[in-house]
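Me: I would like to go through the classifications in this model one by one, asking for the reasoning behind each label.
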Amino acid sequence: MSNRTAAGTAAPSRREQILGEAARLFAERGFHGVGVDEIGAAVGISGPGLYRHFAGKDAMLAELLVGISERLHDGGRRRVEESLAAGLGPEETLDALIEGHIDFALDDRELITLHDRELDRLPEADRKKVRKLQRQYVELWVSALRAVNTDLTELEARVAVHTVFGLLNSTPHLSGSSSMPDRETTAALLHRLARGAFSAAAPRGLV
């Protein structure tokens, strides 16, 4: 279990610290451009000390990419279930999914880069697990979108969802403090863009 800070927020474990620095370094310099010693130095331990937590860089990469796929899928499913339990309508459910993905797109930009560049380096079993989780996550969105607009075919909805993912996952291309407004403004802008794309996909537009 993670320790708690004075403010009551969960402090990252050493394992989480290692993964965070590994993600940052892999995204900046590529998987093969980073050594175990460099990851260790970033968290203040010797390179060999990392082997008490991970078998090697390949294990770190697998945990990062499988882990974020699990987080997205489980978080999306939870948001849908919570919306249904609260008696919210299809619009609110779709908004909840969009908000959750925007949090990911703004807070985990290194993992987006890592997925795009390094997914094929995973062992086949891990790669298949990631793909399966991603398909399940997409289907949550397809169902939510078609509940908002029943005129969309399943195929049209799936294309629209992938297109919106491409839009939201473009955040790694915005680097530096001058590339984006503050987080709240950026999140609101991304939300409007996502809803605008879904509206354009619908034959008669979303209400």
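Me: Why does Phe-165 count as buried?
Reply: In this predicted model, the relative accessibility of Phe-165 is 9%, and since buried means under 20%, Phe-165 counts as buried.

Me: And why does Tyr-137 count as buried?
Reply: The argument rests on the cut-off of under 20%: Tyr-137 has a relative accessibility of 7%, and therefore counts as buried.

Me: Why is the pair of Tyr-137 and Phe-165 called stacked?
Reply: A search of the whole structure finds 5 aromatic pairs. In the pair of Tyr-137 and Phe-165, the ring centres are 5.5 Å apart, which satisfies the requirement that centres lie within 6.5 Å. Their planes stand at 10 degrees, and because planes under 30 degrees apart count as stacked, the pair is stacked.

Me: What makes this pair a tie between parts that are apart in sequence?
Reply: Tyr-137 belongs to helix H6 and Phe-165 to helix H7 (residues 154-168), so the pair ties together parts that are 28 residues apart in sequence. Tyr-137 and Phe-165 also belong to one aromatic cluster with Trp-141 and Phe-198.

Me: How do you know which residues of H4 and H6 make the contact, and how are the two helices placed?
Reply: The axes of helix H4 (residues 90-107) and helix H6 (residues 124-148) come within 8 Å and cross at roughly 145 degrees, and the crossing is left-handed. Contact means heavy atoms within 4.5 Å, and on the H4 side the contact residues are Pro-90, Glu-91, Thr-93, Leu-94, Leu-97, Ile-98 and His-101, whereas H6 contributes Tyr-137, Leu-140, Trp-141, Ala-144, Leu-145, Ala-147 and Val-148. By class, the contact has 11 nonpolar, 2 polar and 1 charged residues.

Me: What makes up the contact of H3 with H5?
Reply: Helix H3 (residues 57-85) and helix H5 (residues 109-118) pack at an angle of about 115 degrees, with their axes 11 Å apart, and this crossing is left-handed. From H3 come Leu-61, Leu-64, Leu-65, Ile-68 and Arg-71, which meet Leu-111, Leu-114, His-115 and Glu-118 of H5. These residues divide into 6 nonpolar, 1 polar and 2 charged.

Me: How do you know that the span of H3 is close to the one expected?
Reply: H3 has 29 residues, and its reach of 41 Å from first C-alpha to last is set against an expected 42 Å at 1.5 Å a residue, to which it is close. Following H3 is Gly-87, with a positive phi near 75 degrees.

Me: What is the result for H1 on the same test?
Reply: Helix H1 (residues 14-29) has 16 residues and reaches 22 Å from its first C-alpha to its last, close to the 22 Å expected. Just after H1, Gly-30 takes a positive phi of about 85 degrees.

Me: Which residues of H1 are buried, and what do they pack against?
Reply: The residues of H1 that are buried are Ile-18, Leu-19, Ala-22, Ala-23, Leu-25, Phe-26 and Ala-27, and they pack against helix H2 (36-43), H3 and H5.

Me: How many helices and strands does the chain have, and what share of its residues is buried?
Reply: The chain has 8 helices and 0 strands, and buried residues make up 40% of its 207 residues. Among contacts between residues at least 6 apart in sequence, 65% join residues at least 24 apart.

Notes:
Residues numbered from 1 in each chain as written. Predicted model: local features only at pLDDT ≥ 70, side-chain atom pairs only at ≥ 80, totals over all residues. Heavy atoms only, no water. Axes fitted to C-alpha atoms, helices over the stretch in contact; angles between N-to-C directions. Helix = DSSP H or I, 4+ residues; strand = E, 2+ residues; numbered from the N terminus. Left-handed = near helix turned anticlockwise from the far one by under 90°. Nonpolar A, V, L, I, M, F, W, Y, C, P; charged D, E, K, R; others polar. Expected span 1.5 Å × (residues − 1). Buried < 20%, exposed > 50% of the residue type's maximum accessible area, 1.4 Å probe, protein only. Phe/Tyr/Trp six-rings, centres within 6.5 Å; stacked < 30°, edge-to-face > 60°.
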